Amino acid sequence: MSLSERRLLLSGLFSASMVVSGCLRPMLAEDGPSGRVIGRIAFPEVGDRFGYFLDQSLAARLGRPNDPKYRLDVISKTSQRGLAVAQDSSVTRITLIVDAGWTLRRLSDNAPVMSNDVRLQSGYSATTSLFATRQTKLDIERRLARELGERIARTVIARAAEVPA
């Protein structure tokens, strides 16, 4: 038996023994730490189109709360800048930038449980069609809001064990 075959066999046996002994649990298991936060977080109020897309993303990952114990506050600022300029001084490439800070707070005493700052950006091409350019910008906003929601949800779920019950 070669060395690589031994390593493969040993890693397989180790993985199987960990699963059988119960050391490895799915992160999203109801009896796991994520059960403390999933379906228990009130989301920020929707104020604009970006907020609506963010709300949809958070609800898909963290669930709508029946009896919230925590509140998520998100402050985001969207800006854009032109990257590529043609010879006639028209901007042909635009970057949309989202700077967001979020804080998860306990509703009982408004104490912060966890927080983070996130910066996301994505670019799109400006076309001669105003409609096509606006639709592209809308798609980029939707994509950035979804990515922000994913990042917030992943962080909250990964650090759910730190959240007081």
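The following questions and answers go through helices, a pocket, a loop residue and salt bridges in a predicted model.

Trainee: How far apart are the end C-alpha atoms of helix α2?
Mentor: Helix α2 covers residues 49-62, which makes 14 residues. At 1.5 Å a residue the helix should span 20 Å, and the model agrees with that expectation. The end C-alpha atoms of α2 are apart by 20 Å.

Trainee: Which residue follows α2, and what is its phi?
Mentor: Helix α2 ends at residue 62. The residue after the helix is G63, and its phi is positive, near 75°.

Trainee: Is Y52 buried, partly exposed or exposed?
Mentor: Y52 lies in helix α2, where F50, G51, F53 and L54 are among the buried residues. Buried would need a relative accessible area under 20%, and exposed one over 50%. Y52 has 43%, so the class is partly exposed.

Trainee: How far apart in space are Y52 and A145?
Mentor: Y52 belongs to α2, while A145 is one of the buried residues of α3. In sequence the two are 93 residues apart. From C-alpha to C-alpha, the distance between Y52 and A145 is 8.6 Å.

Trainee: What span should helix α3 have at 1.5 Å a residue?
Mentor: Helix α3 runs over residues 130-158, 29 residues in total. Its end C-alpha atoms lie 42 Å apart, which agrees with the expected span of 42 Å.

Trainee: Which element supplies the largest share of the lining of the largest pocket?
Mentor: The largest pocket has a volume of about 240 Å³. Of its 16 lining residues, G47, D48, F50, G51 and S76 are the closest to the centre. Both α2 and β2 (70-85) supply at least two lining residues. The largest share, 6 residues, comes from α2.

Trainee: How many charged residues does the lining of the largest pocket have?
Mentor: Sorted by class, the lining has 7 nonpolar and 4 polar residues. The count of charged residues is 5.

Trainee: Where is N110 found, and what is its phi?
Mentor: N110 is in the loop between β3 (91-106) and β4 (112-125). With 38% relative accessibility, N110 counts as partly exposed. N110 is not a glycine, yet its phi is positive, about 60°.

Trainee: Which residues of α3 form salt bridges with D139?
Mentor: An α-helix has 3.6 residues a turn, so residues three or four places apart point the same way. D139 and R142 are 3 residues apart in α3, and D139 and R143 are 4 residues apart in that helix. The N to O distance is 3.8 Å for the pair with R142 and 3.0 Å for the pair with R143. The partners of D139 are therefore R142 and R143.

Trainee: Which residue forms a salt bridge with R151?
Mentor: R151 is partly exposed at 34% relative accessible area, and its partner counts as partly exposed at 29%. Both lie in helix α3, 4 residues apart, about one turn of the helix. The closest N and O atoms of the pair are 3.0 Å apart, and the partner is E147.

Trainee: Which residues are linked in a network of salt bridges?
Mentor: Side chains of opposite charge can pair when their charged atoms come close. The structure holds 12 salt bridges. A network of them links R71, D73 and R105.

Methods
Residues are numbered from 1 along each chain as its sequence is written. This is a predicted model: local features need pLDDT of at least 70, side-chain atom pairs count only at pLDDT 80 or more; totals for chains, interfaces and linings use all residues. Side-chain values use heavy atoms; hydrogens and water are left out. The expected span of a helix is 1.5 Å times one less than its number of residues. Buried means under 20% relative accessible area, exposed over 50%, partly exposed in between (1.4 Å probe, protein chains only). On a 1 Å grid over the protein atoms alone, a cavity is a set of points where a 1.4 Å probe fits but cannot get out, and a pocket is an open set with protein on both sides within 12 Å along at least five of seven lines; lining residues have an atom within 4 Å of a point. Grid points are joined across faces, edges and corners, and a volume is the space filled by probe spheres set on the points. Ala, Val, Leu, Ile, Met, Phe, Trp, Tyr, Cys and Pro count as nonpolar, Asp, Glu, Lys and Arg as charged, and the others, Gly among them, as polar. A salt bridge is a side-chain nitrogen of Lys or Arg within 4 Å of a carboxyl oxygen of Asp or Glu.
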